[in-house]
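Dear colleague,

Please find below the structure that I am handing over to you. My findings follow directly after it.

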Amino acid sequence: MKEFKPTIKFGKNTEFEKEFYQKNLMGPSALMIIEELAGHLSLTHSMRVLDLGCGTGLSSVFLAQEFGVQVFATDLWIPAADNYERIRAFGLEDQIIPIHADASEELPFAHGYFDAILCVDAYYYFATGEEYLDKYMAPFLKHNGFIAVAMPGLQKEFGGNVPEAMKPFWGEEVNRTFHDLGWWQALWRKSESMHLTDSFSLSCHRAAWDDWLICDNPYAKRDIAMIEAEGGQYFDTFGLIAEPQKN
Ligand SMILES: C[S@@+](CC[C@H](N)C(=O)[O-])C[C@H]1O[C@@H](n2cnc3c(N)ncnc32)[C@H](O)[C@@H]1O
């Protein structure tokens with residue numbers, strides 16, 4: 001295992017940090033991914049940020065600590081009360097607001113409210129539809145805001161020919177949600193309100209999976225066989241960034 005890099009800070013108790021980190025991962029390391037994605041962004045302390053699909057809020061804590069931004073930590077599967085406990089453990093209750101909401105419906109925010117909407121390892125669950133970016137995301141952004149998402153996907157679309165090694169792991173839901181970067185670029189380029197400004201593979205892809213696979217979590221244990229079968233041949237993790245179109 002590589003050395004733990006305490007990008008979330010909890011006093012001087014690094015053992016606690018490590019345990020907290022592993023206990024709260026829900027997939028490939030949200031911390032590595034948000035750290036790399038943030039490297040492509042201009043985040044400043046006066047910003048109001050929506051962390052959509054924040055899960056246990058690791059990325060929200062990172063954003064609040066690292067950039068001093070205000071974060072609306074919003075998630076569906078994780079209750080806001082649980083995230084509030086974690087946020088309080090970091091003393092960030094004045095900076096991070098936990099919200100329980102379903103991103104596949106109208107989110108409970110004012111239009112033109114956020115400087116940035118960020119989304120780590122969650123966007124593909126609810127946003128594969130053509131109208132999603134324009135109808136469900138763009139309205140909540142300020143005119144000079146931006147959207148940045150990072151998610152796992154394919155190096156190249158399977159196009160109906162799922163490799164033999166991947167068949168045991170390929171169901172309808174994965175088929176609907178897992179795409180390559182070109183597929184996402186094409187989808188975002190259809191937007192009438194947003195302009196795709198950047199898209200890229202993340203260099204932390206493998207390391208982010210490695211940190212997840214060693215977790216004592218039944219989902220991580222289940223994913224080990226999939227990643228072994230994949231063998232570095234099919235998966236990628238990428239980021240996409242968009243800004244409102246200037247008319
Ligand atoms: C794999 S977890 C990743 C969580 C976290 N971002 C991370 O990287 O650790 C996917 C997250 O997407 C969230 N999610 C899925 N569908 C959602 C929806 N319709 N609205 C809001 N969040 C959703 C889930 O609640 C879950 O926390």
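Seven strands form an open sheet in the order 3-2-1-4-5-7-6, with mixed pairing; two strands pair if DSSP finds at least two bridges between them. Strands (E, at least two residues) and helices (H or I, at least four) are DSSP runs, numbered from the N terminus. Strand 3 (96-100) and strand 6 (194-201) stand at the edges with a single partner strand each, so one side of each has no neighbour in the sheet. On average, neighbouring strands of this sheet are turned by 20° against each other, direction ignored; the axes are lines fitted to C-alpha atoms, and angles run from 0 to 180 degrees between N-to-C directions.

Please note that this is a predicted model, in which local features need pLDDT of at least 70 and side-chain atom pairs count only at pLDDT 80 or more, while totals for chains, interfaces and linings use all residues. Residues are numbered from 1 along each chain as its sequence is written. The predictor's confidence in each residue, pLDDT, runs from 0 to 100. The protein averages 94, and 95% of the residues score at least 70. Confidence is lowest in helix 1 (residues 14-24), at a mean of 85, and highest in strand 1, at 99.

Strand 1 (residues 48-52) and strand 2 (residues 70-75) run parallel and are joined by five bridges. Among the bridge partners, Leu50 is matched with Phe72 and Asp51 with Ala73. Five of the six residues of strand 2 are buried, that is, 20 or more other C-beta atoms lie within 10 Å of their own (exposed: 12 or fewer; partly exposed: in between; C-beta atoms are placed from the backbone).

Helix 3 (58-67) deserves a separate paragraph. Seven of its ten residues are buried, so helix 3 is largely enclosed by the rest of the structure. The buried residues are Leu58, Ser59, Ser60, Val61, Phe62, Leu63 and Ala64. Their cover includes helix 1, helix 2 (30-38), strand 1, strand 2, strand 3 and strand 4 (114-120), where contact requires C-beta atoms, placed from the backbone, within 7 Å. Just after helix 3, Gly68 takes a positive phi of about 70°.

Helix 3 also takes part in the surroundings of the ligand: helix 3 and helix 5 (123-126) each supply at least two residues of the shell. Of the 20 residues around the ligand, Ala30, Gly55, Trp77, Ala103 and Ala122 come nearest; a residue is counted if its C-beta atom, placed from the backbone, lies within 6 Å of the molecule. The shell comprises twelve nonpolar, five polar and three charged residues. Here Ala, Val, Leu, Ile, Met, Phe, Trp, Tyr, Cys and Pro count as nonpolar, Asp, Glu, Lys and Arg as charged, and the others, Gly among them, as polar.

Two further residues may be of interest. Glu35 lies in helix 2 and counts as partly exposed, with 19 C-beta neighbours inside 10 Å. Ala208, in helix 9 (residues 205-213), is buried, with 26 other C-beta atoms within 10 Å. Not counting residues up to four places away in sequence, Ala208 touches Pro28, Ser29, Met32, Ile33 and Thr237.

Yours sincerely

Note on methods:
Contact = placed C-beta atoms within 7 Å.
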